[in-house]
Structure formats: structure tokens, C-alpha cells
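Got your viewer open and a selection box ready? Let's walk through this one stop at a time, from the whole chain down to single side chains.

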Amino acid sequence: MADDEKVPPSSLSGMLSTLAPVAVVSAIYLAIFLVLRRSQRRYYAPRTYLGNLRDAERSPPLPSGLFNWVGSFWKIPDIYALQHQSLDAYLYLRYLRMALVMCFVGCCITWPILFPVNATGGGGQTQLDILSYANIDQKNQNGRYYAHAFVCWVYFGFIMYMIMRECIFYINLRQAFLLSPFYSDRISSRTVLFTSVPAPYLSEQKLRQVFGGSVQRIWITSDTKEVDDVVEKRDKTAMRLEKAEVKLIKLANKARQKALKDGALAEEADKAPVFGDSESGSIAARWIPHKKRPTHRTGPLGLVGKKVDTINWCRTELERLIPEVDAVQAKYRDGAYKKVPGVFIEFRTQADAEGATQILAHHQGLHMSPKYVGIRPDEVIWKSLAIPWWQKVIRRYAVTAFITVLILFWAIPVAFVGLVSNVTYLSSLSFLTWLNKIPSVIMGVITGLLPSVLLAVLMSLVPIVMRLCAKLAGEPSVSRVELFTQNAYFAFQVIQVFLVATLASSATAVAKQIVDEPTSVPTILANNLPKSSNLYISYFIVQGLTIATSVLTQVVGFVLFTLLYKFLANTPRALYNKWSNLSAISWGSTMPVYTNIVVVAITYSCIAPLMLGWATLAMFLFYFAWRYNVFFVTDTRIDTRGLIYPRAIKQLFTGLYIAEVCMIGLFGASVAPGPLVLMVIFLIFTILFHLTLNSALNPLLYNLPLTLLAEEESARLLADPEAGIAPTTSYTSTTDKAPRETDLDGDGIVDGAEASVAHARHAGQITAKRGNILTRFLKPWIHADYTALRALVPRGMVVGPYAEDVAANAYYPPAVNSDTPLLWIPEDAAGVSKQEIAHTGRVIPITDEGCELDEKGGLIWDREG
């Protein structure tokens with residue numbers, strides 16, 4: 001093993017070289033956040049005040065000091081996200097918290113046992129490698145491997161119990177949430193989408209025969225190409241007209257202000273404008289010549305074709321397009337277009353809808369299937385509904401093949417990243433001896449920081465491709481696209497970020513030694529495979545410090561938001577949209593990243609236990625950053641009804657399988673038959689446990705049981721206060737005290753949002769009173785059952801009754817329900833806007849309320865309203 005001794009260990013220097021610059025960058029990020037949070041409320045706390053959010057959706061403001069907000073922040077319970085945002089948002093935070101618990105408990109189990117066992121193993125390793133499996137002398141200390149085997153049993157058993165426990169918790173919470181009036185009163189909760197419906201059943205009469213009297217309404221989807229095209233032309237023309245009107249008003253205002261500044265035409269400027277002038281644009285013409293009015297060319301991209309006056313041309317086009325849109329929309333509602341195999345059926349009750357999803361609807365395979373309940377109209381991908389069943393099968397196989405090829409392609413650059421992480425081990429090769437001349441500090445950065453950064457950049461492109469693949473495969477809604485992306489991106493994360501990089505990293509460490517001593521392959525592998533953990537120590541440092549603080553600070557996003565808002569939002573509509581639209585979390589591309597971190601931590605938990613410490617730190621910082629963002633910054637645009645959670649939780653079995661196979665391989669390489677047999681036994685147990693868990697819980701993960709549906713309906717009919725709309729401020733129980741309201745921002749006033757935090761904390765306390773901490777952990781099926789978790793869901797919030805026309809048109813495509821847009825222009829002192837409203841209003845609705853031009857030509861509007 002002389003060659004091994006010549007290779008300078010870089011585990012400690014690599015870790016320190018990664019930690020130093022990352023800590024500096026993280027400190028800068030954190031300082032930026034602490035400063036900007038105080039003044040840039042729109043970007044760092046928009047959920048506390050934005051006017052387009054309902055009171056029930058707002059979060060309580062925090063103190064404005066540099067650090068005094070942290071205490072108030074921790075007083076807000078995670079359940080607040082469930083009651084004031086969405087089920088997905090709450091479960092996202094819960095997943096990060098559970099990942100943190102798993103990593104921390106792993107430290108508590110492995111460190112006290114494996115650190116001393118490894119450190120005194122006599123394997124001759126140095127630096128951080130002394131704490132790993134590689135430091136055990138397999139010839140003289142072979143019995144120490146039993147410690148690793150039994151610690152694996154304990155820790156992996158804990159992980160499996162946590163997976164089962166969280167699946168049970170999710171089932172009960174999801175049932176409580178979906179059966180609460182806040183959700184069950186929505187039309188979407190009673191509506192089922194049937195795909196691949198055969199042509200004979202694209203008839204309302206036929207469908208009512210199949211499903212009987214439980215059917216309320218039926219929407220049979222038709223081809224929308226003509227409607228989409230005409231509506232798109234109308235909307236594009238309307239927005240072009242709006243921009244031209246705003247530009248005209250700004251030009252006239254600028255010329256008027258210049259005239260007033262020069263002292264000329266003051267009399268004309270003060271003259272009261274006549275809005276009813278017969279000639280269009282006559283008031284603007286007082287200030288700007290006709291040739292300066294907004295114009296464009298009618299050819300492709302506006303580069304060729306006839307040059308026309310934009311305002312007059314758009315008015316003429318809209319006079320033609322608006323009646324044409326009304327005609328094609330009416331034609332669609334009359335069923336005149338070709339029908340496509342996608343049908344929405346609204347049932348009279350939620351129980352009827354759930355029952356329809358759990359029965360076999362058609363006698364032929366792949367017909368009227370798959371079916372989905374709870375899809376909102378605004379998340380439907382209408383083009384996917386037109387795909388026939390046979391084409392879906394072909395598309396699914398084609399997409400799977402493409403993703404497989406993509407994995408093989410991505411393995412090349414990711415393998416290169418693994419090579420870089422262990423480049424010092426290649427210096428013993430004759431043509432790479434020049435690597436020894438590189439200073440150790442620079443080499444530490446190259447082997448530590450650089451690979452982690454390269455991995456992050458490389459993987460950022462994958463979710464974009466995955467979402468495109470999901471749409472091509474025929475997923476019918478954006479929530480299904482996210483779930484597809486979650487699965488596919490997780491596969492990428494495990495294979496590329498973990499397995500390929502690990503194998504490449506290990507290969508670089510052993511290649512030269514295996515060539516020199518081929519008879520010592522088992523010993524070499526046992527000693528060097530654990531060294532690939534060095535890459536992931538650096539990866540966790542970068543993820544936990546830099547990425548987590550950047551998630552909190554969002555410096556790039558803040559700069560882009562500021563630039564776009566100030567310089568590119570040139571109309572009242574653009575200002576409003578940029579100001580009021582909150583950023584959203586993309587579940588499909590964020591959850592797999594953190595799942596993979598836990599998978600890596602589980603895999604190395606008994607090989608290099610130090611990894612668990614950095615994984616714990618990383619998950620805590622991610623939990624802190626995303627907790628702040630969920631409460632104060634982001635919104636939920638895509639609602640999977642919590643389905644992201646069980647997928648992520650059960651994906652942790654991947655980490656267990658990889659870890660167990662790795663331990664079996666290491667025990668085999670170390671010639672330790674006893675521990676090897678123990679791990680084989682545990683692997684078999686894991687497989688059986690996994691199969692049993694899926695068999696028992698999978699039906700409950702994705703469906704609502706009819707027993708609970710019947711009980712809930714009966715309870716609501718009997719006006720049971722626990723089942724109906726529970727009062728939010730009265731407490732009739734003799735044991736439950738009213739929640740103590742807290743002034744979180746220190747202004748001396750407890751507002752509605754702060755009171756709602758107190759109610760959320762109280763709901764959590766009521767649930768926590770069932771049993772002691774040990775029994776609540778060990779028996780979630782008793783102490784976190786459906787009845788207990790009903791207290792956590794937002795039962796004081798209701799969905800108002802739907803207007804008849806809204807309910808009747810709910811599941812028509814958006815183009816069919818699209819109204820003529822209302823144009824929004826700013827009011828100006830010259831009166832140009834009033835005249836434009838008088839003339840343009842004859843063609844399309846237009847207003848100048850709520851926005852005006854200041855003396856410098858800037859747009860002023862009510863941000864708080």
C-alpha cells in the first residue's frame with residue numbers, strides 16, 4: 001500500500017477550503033437579507049400586507065429590527081401554513097422538519113458508537129478518514145464490523161418506522177383537510193375528470209345512464225383550436241391597443257410638461273379639454289404631431305408590411321374580432337366542434353365523486369381511465385385531453401426512453417465532476433504528476449468547492465426538460481406535471497448527483513492501486529470507497545450554507561424584480577401584475593433535491609457518520625429559509641392536494657436499499673461473513689416491510705374512504721359543531737382555554753393575522769394533549785388519527801355559494817369563458833385619457849381609474865388597495 005501513502009489525504013483541507021469561502025458568501029447573503037428585510041417589504045414580506053390577498057391568507061408582520069424578529073418568527077407554528085395557505089405548503093415544511101429529525105437522530109445513534117469504533121480501528125487513515133469505515137484494520141479488528149451492522153439495524157429501522165409513521169399522519173391529515181367544508185364545498189372536490197372516453201360515450205345521455213342520478217353537470221370537451229386562435233388574436237390586439245394608448249398619453253404629457261416649463265402655450269394647456277371631440281386624438285394632437293403617434297407594421301414580427309396608426313388599426317380590428325369571439329364561444333357551448341375524449345362530470349356530493357373514481361367505469365382496458373378528482377379548471381392542460389389512449393401508451397414509452405438516454409448523456413459531465421473531486425488521487429499517474437505542483441489551498445478549492453458548484457449548475461437544467469416530457473406524455477394538469485417531474489427529477493438526482501458521482505469519485509481513488517496490486521482488490525475497495533464521502537461533505541456545506549442562505553436572501557431575484565418593476569413595467573397592468581403576483585415554489589424541482597440529500601445521508605450514515613452532522617446543519621438551514629419564505633414570501637399556485645409528501649417520504653426507501661447494498665458490499669470486501677449475513681437478513685426484512693406498507697397504505701394515500709365521507713356528511717346534516725363551521729373565537733370545553741394572543745411585531749396591537757397565529761398554536765396544543773410524547777410518536781394511528789387532526793384544518797373558512805352562471809361554465813376551456821379584456825390606462829392632466837376612453841370605449845371596455853401620471857411621466861397607482 002505504498003502508493004496509497006504517497007497520496008496526500010485531502011479530506012480535512014478540502015472541507016476547510018470549501019467551508020471558508022462558503023461561510024464568507026453565506027455571511028454576505030445573510031447580511032444583505034437582514035438589511036433589506038427592514039425596507040423592502042414588498043419582496044421580503046409581501047404576504048403581510050398585499051391588497052390582493054384576503055385577510056385569511058395574510059401573515060402577521062414581524063418586528064423590523066435586525067434580529068428581534070427571530071423570536072416572533074419561531075412563535076408561528078408550521079400548521080399556520082395549512083390554515084392560511086395550502087396543504088402542500090404545510091407538508092413541504094413538515095418534510096424538511098422530518099428530514100432534519102432523521103439526520104439529527106442519525107447523529108445521536110451513530111456518533112457515540114461508530115466514532116470511537118472507527119477512530120481506534122488501526123487502519124492507518126488520517127484526517128477525517130480516521131472517523132470512517134476505512135480506518136478499521138480488517139485483518140486484526142474484524143470483529144468491529146458487528147458494531148456497524150447493529151447500528152445499521154437500529155438506524156435503518158428508525159428510518160422505516162418514520163416512513164410508516166409519516167404515511168399514516170399524511171393519510172389522516174389529508175382526509176381531514178379534504179373533508180373540511182373549506183375544501184369539500186368547492187366544485188372541484190365533486191368533479192371527476194375521465195380521460196380516454198370512447199366516442200359512443202361522448203354523450204351526456206349515455207354518461208347519465210352510466211353514473212345515474214348522482215350526476216349534477218357534465219362538460220364534454222371539444223376541439224378548441226378555432227376558439228383559441230380567435231381569442232388569442234383579440235387579446236393580443238387589445239393589449240397592443242392598451243400599450244399604444246399609454247404611450248400616446250405619456251408622449252402628450254411629456255410635450256405638455258415641456259411646454260409649461262418653457263412658458264409657452266400655457267393658456268392652451270389650461271384650457272378645458274373637450275372630450276367629445278369628433279376627431280379621434282384631437283387633444284393629443286395639441287401636444288404632439290400626428291407622425292409621432294404610436295405606429296407599427298402589419299407584417300411578421302412588425303418588421304415588414306404596411307405602416308399603420310396602431311390605435312386606429314387596433315380599434316378597427318377589435319370591432320371585427322370581438323363579435324367573432326362571441327360567435328365561436330357560443331358555437332362551442334352548442335357542441336358544434338369535434339368532441340375529444342376528455343369529460344368532466346360534477347356529482348351531487350363529494351362521496352359520489354370519490355365513489356366514481358374508485359369504480360371500474362368501462363368494460364375495455366385503458367378506456368375512461370385514468371380518472372382524477374379535485375382538478376381545478378385553471379390547472380387543466382386542455383391539449384392533453386385530446387390524446388387518445390393508444391397514443392398515450394406510445395408517448396409514455398417514448399418519454400421513458402428519452403429520459404433514459406438523457407440519464408446516460410448526463411452521466412458524462414457528472415462523472416467528470418466526480419473525477420475533479422478526487423483529482424489528488426490521480427497525481428500518482430505518470431502523465432498527471434504535475435498536479436502535485438498545485439498549491440494545497442487551490443487544490444482544496446478545486447476538489448471541494450468547484451465540484452459542488454458544477455453539480456448545482458448542471459442539475460438546474462433538468463427540471464425544465466422533465467416538465468416538457470410530462471406534457472408530451474399527456475399529463476392532464478399542471479399538478480400531475482409536478483408529480484411526474486418529482487419522480488423523474490428524483491431519479492436524476494439519485495443516479496447523477498449521487499451514484500455516478502460516487503462511483504467516479506471512488507474510481508479515481510482506487511484506479512492506480514488496483515493496477516499495482518490486483519490481488520488486493522477487496523482490501524483496496526473497503527479502504528477507499530468510504531473516501532468518496534469527501535465530495536458530499538463539500539456538497540452539503542455548499543447546499544446548507546450558500547444555497548440555503550441564497551434561498552432566504554434571493555439576491556438575484558430581488559435585483560431582477562427591482563429592475564423589471566422600475567424599467568420594464570410601462571403600463572398600469574404590467575405594474576399591477578409585477579407587484580401583486582407572488583413567487584411560487586415548484587414542488588417537482590425542489591422536493592427531489594432535499595430527498596436526495598437525505599438519501600445520501602442515509603447511505604453514508606454508517607460508512608462515514610460525519611456526513612450526518614453536515615446533513616443535519618444543511619436541513620436545518622433549509623427548513624429555516626423555506627419556513628420564512630412560505631410564511632411571508634411565496635404563494636401556492638400548483639395544488640397537488642398533498643400528494644408531493646407521500647412520494648417524497650417513500651422515496652427514502654431508495655436510500656435504505658442503496659445503504660444496505662453498500663454495507664453488504666463493504667462487509668464482503670472486508671471479508672466479514674457475520675456482519676454480511678446480518679445485513680442480508682435486514683435487506684430481506686426491508687423488502688418485506690416495503691411491500692407490506694405499500695399494500696396496506698397505498699389505497700388510503702390516494703383515495704378518500706367512503707366510511708368517513710358518510711360520517712362527515714351525516715355529522716354536517718346534524719349540525720355537529722365539530723363537523724361544520726367551527727367558531728374561531730369561542731371555546732366551550734372546560735379543559736381547553738382560549739388561546740393567548742401575542743403581539744408579534746411589538747406595535748401594541750393584536751391584529752387579525754396575529755390572532756390567527758394564536759388559534760393555530762392552540763389547535764396544535766389540543767392535538768398534542770392526546771397521550772404523552774412517547775405514545776404519540778409510537779402510535780400515530782391512535783394519537784394522530786382523523787378525529788385528532790380535524791382540529792388542525794381550516795374549519796372556520798368556507799367557500800361562498802357559486803353563482804349559477806359560474807357553476808354552469810366552470811369546466812369550459814379558458815378561451816370559451818374568456819371575456820373581452822378591460823383596458824387600463826393612466827389618467828393625465830391634459831385630458832388625453834378621457835378622450836381616448838370616449839372613443840375607444842365604443843369598441844372595448846377601458847378605464848383610467850386607479851392610476852395617473854405624475855409631472856415626470858411616471859405611473860402612480862394605489863399599491864395598498
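Among contacts in the chain between residues at least 6 apart in sequence, what percentage join residues at least 24 apart? It comes to 81%, with a contact meaning heavy atoms within 4.5 Å.

Before you click further, some ground rules. This is a predicted model, in which local features need pLDDT of at least 70 and side-chain atom pairs count only at pLDDT 80 or more, while totals for chains, interfaces and linings use all residues. Residues are numbered from 1 along each chain as its sequence is written, and side-chain values use heavy atoms, with hydrogens and water left out.

**Stop 1: the whole chain**

Show everything as cartoon. You should find 36 helices and ten strands; these are DSSP runs numbered from the N terminus, with helices (H or I) of at least four residues and strands (E) of at least two. Of the 865 residues, 54% count as buried. Here buried means under 20% relative accessible area, exposed means over 50%, and partly exposed is in between (1.4 Å probe, protein chains only). Switch to a surface and you are looking at about 37500 Å² exposed by the chain, with carbon and sulfur atoms supplying 63% of it. The areas come from the Shrake-Rupley method with a 1.4 Å probe, and for residues only the protein chains shown count as cover.

**Stop 2: the four-stranded sheet**

Select 191-195, 215-222, 339-347 and 371-373. The first range is strand E1, and 339-347 is strand E5. Together with E2 and E6 they make an open sheet in the order E2-E5-E1-E6, with antiparallel pairing. Its edge strands are E2 (215-222) and E6 (371-373), each pairing on one side only. From one strand to the next, the twist averages 20°. Pairing here requires that DSSP finds at least two bridges between two strands.

Now zoom in on E5. Antiparallel to E2, it is joined to that strand by six bridges, and it pairs with E1, again in the antiparallel sense, over five. Show side chains and pick out the facing residues: Trp 219 is opposite Phe 344, Val 215 is opposite Phe 347, and Val 192 is opposite Ile 345. Why is E5 largely enclosed by the rest of the structure? Eight of its nine residues are buried.

Next, add 204-211. That is helix H9, which lies across E1, E2 and E5 and runs at about 135° to E2. For that angle, axes are lines fitted to C-alpha atoms (for helices over the stretch in contact), and angles run from 0 to 180 degrees between N-to-C directions.

**Stop 3: salt bridges**

There are 26 salt bridges in the structure, each a side-chain nitrogen of Lys or Arg within 4 Å of a carboxyl oxygen of Asp or Glu.

Select Arg 627 and Asp 78. Their closest N and O atoms are 2.7 Å apart. This pair links distant parts of the chain: Arg 627 belongs to helix H25 (residues 610-632), while Asp 78 sits in the loop between helix H4 (69-75) and helix H5 (79-84), 549 residues apart. Arg 627 is buried, at 3% relative accessible area, and Asp 78 is buried too, at 7%.

Then try Glu 166 and Arg 165, whose side chains meet in a salt bridge at 3.2 Å, N to O. Buried or exposed, what is Glu 166? Buried, at 0% relative accessibility; Arg 165 also counts as buried, at 14%.

For a pair within one helix, go to H13 (residues 310-333), where Glu 317 and Arg 320 are three residues apart and so separated by about one helical turn. Their salt bridge has its closest N and O atoms 2.6 Å apart. Arg 320 is partly exposed, with a relative accessible area of 43%. Finally, select Arg 190, Arg 217, Glu 346 and Glu 804: salt bridges that share partners join them into one network.

**Stop 4: two leucines and a patch**

Leu 454 is in helix H17 (residues 440-459) and is partly exposed, at 34% relative accessibility. Measure to Phe 416 in your viewer: C-alpha to C-alpha, the two are 9.8 Å apart, with their positions 38 residues apart in sequence.Last, select helix H22 (residues 555-568), home of Leu 560. At 46% relative accessibility, Leu 560 is partly exposed. Along with Val 556, Val 559, Leu 563, Leu 564, Phe 567 and Leu 568, Leu 560 forms a nonpolar patch on the surface, with about 670 Å² of accessible area together. Patches are made of residues with over 30% relative accessible area and no salt bridge, joining like charges within 9 Å and nonpolar side chains (Val, Leu, Ile, Met, Phe, Trp, Tyr) within 5 Å.
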